[in-house]
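Reader: I am new to this structure and should like to learn how to read it. May we proceed feature by feature?

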Amino acid sequence: MIEDFHEVPRVALRQGVRIAVDVGGARVGVAKTDSAGILATPVGTFQRGRNDLNAVVDLVKTHQVLEVYVGLPKNMDGTEGKTALDARKWAQRISRRIAPVDVRLVDERLTTVSAHRQLHEAGKREKSHRAVVDQVSAVIILENAMDFERNTGKTPGIALNGE
């Protein structure tokens, strides 16, 4: 017997490319959407402190980005630890360089776990995960943000200025 299925109403996304960043201790994974916000694709993994900020600044300029989402790695109980503080600091630095483009912090709990699972299910060996796991995590952050906007009509995450 087929159950009566009611789909959640979906809202049209604002037009514009979005970028998501997964900030790690050693690397930064980056992903971007198309201008319609339909497809999230990995862009690259960059070493922290070398060209990570410049790479995101270049993407913002090249693609006329609407906003940048920086993953905020909260603890499972919702509190923030050292890694969340590091992500906040990175977000502040990129925000100063790309203003007036909005930078928003989005909860990224379990994205790295999900990224490893997806890579494993795709047949990738554990050793090869390191090179792409941050990119896959950034894609997941971006997909979650786009789903949130489609389902609620609200802008995902929290703006650095608290809006």
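Author: Certainly. Please bear in mind that this is a predicted model. Let us begin with a pairing between strands: Glu-67 stands opposite Asp-102 in β5. The two strands concerned, β4 and β5 (residues 102-107), pair in the parallel sense over six bridges.

Reader: By what route does the chain cross from β4 to β5?

Author: The chain passes through helix α2 (residues 82-98) on its way from β4 to β5, and this β-α-β crossover is right-handed.

Reader: Which strand do four bridges join to β4?

Author: That strand is β1 (residues 18-23), and β1 and β4 run parallel. Here Arg-18 stands opposite Glu-67 in β4.

Reader: Are the faces of β4 covered or uncovered?

Author: One inspects the residues on each side of the strand in turn. On one side of β4, Glu-67, Tyr-69 and Gly-71 are buried, and on the other side Val-68, Val-70 and Leu-72 are buried as well. Six of the six residues of β4 (residues 67-72) are thus counted as buried.

Reader: How does one decide whether Arg-104 counts as buried or exposed?

Author: One compares its relative accessible area with a cut-off: under 20% is buried. Arg-104 counts as buried because its relative accessibility is 7%. This residue is found in strand β5, and its side chain makes a polar contact with the side chain of Asp-102 at 3.1 Å.

Reader: How exposed is Ala-26?

Author: Ala-26 has a relative accessible area of 39%, so it is classed as partly exposed. Ala-26 lies in the loop between β1 and β2 (27-33).

Reader: With which residues is Ala-26 in contact, leaving aside its neighbours within four places in sequence?

Author: With that exclusion, Ala-26 is in contact with Phe-46, Gln-47 and Arg-48. Ala-26 and Phe-46 are 20 residues apart in sequence, and their C-alpha atoms are 8.7 Å apart in space.

Reader: Which residues touch the most other members of the largest nonpolar core?

Author: Among the 26 residues of that core, they are Val-68 and Trp-90. At least two residues of this core come from each of β1, β2, α1 (52-63), β4, α2 and β5. Leaving aside neighbours within four places in sequence, the contacts of Trp-90 include Val-21, Val-28, Leu-53, Val-56 and Val-70.

Reader: Which residues does the second core include?

Author: The second core is separate and has 12 residues, among them Ala-31, Tyr-69, Ile-141 and Leu-142.

Notes: Residues numbered from 1 in each chain as written. Predicted model: local features only at pLDDT ≥ 70, side-chain atom pairs only at ≥ 80, totals over all residues. Heavy atoms only, no water. Buried < 20%, exposed > 50% of the residue type's maximum accessible area, 1.4 Å probe, protein only. Pairing = 2+ DSSP bridges. Right-handed = clockwise from strand over helix to strand, strands pointing away. Polar contact = N/O pair within 3.5 Å; in protein donor to acceptor, adjacent residues only side chain to side chain. Contact = heavy atoms within 4.5 Å. Core = buried A, V, L, I, M, F, W, Y, C linked by side-chain atoms within 4.5 Å.
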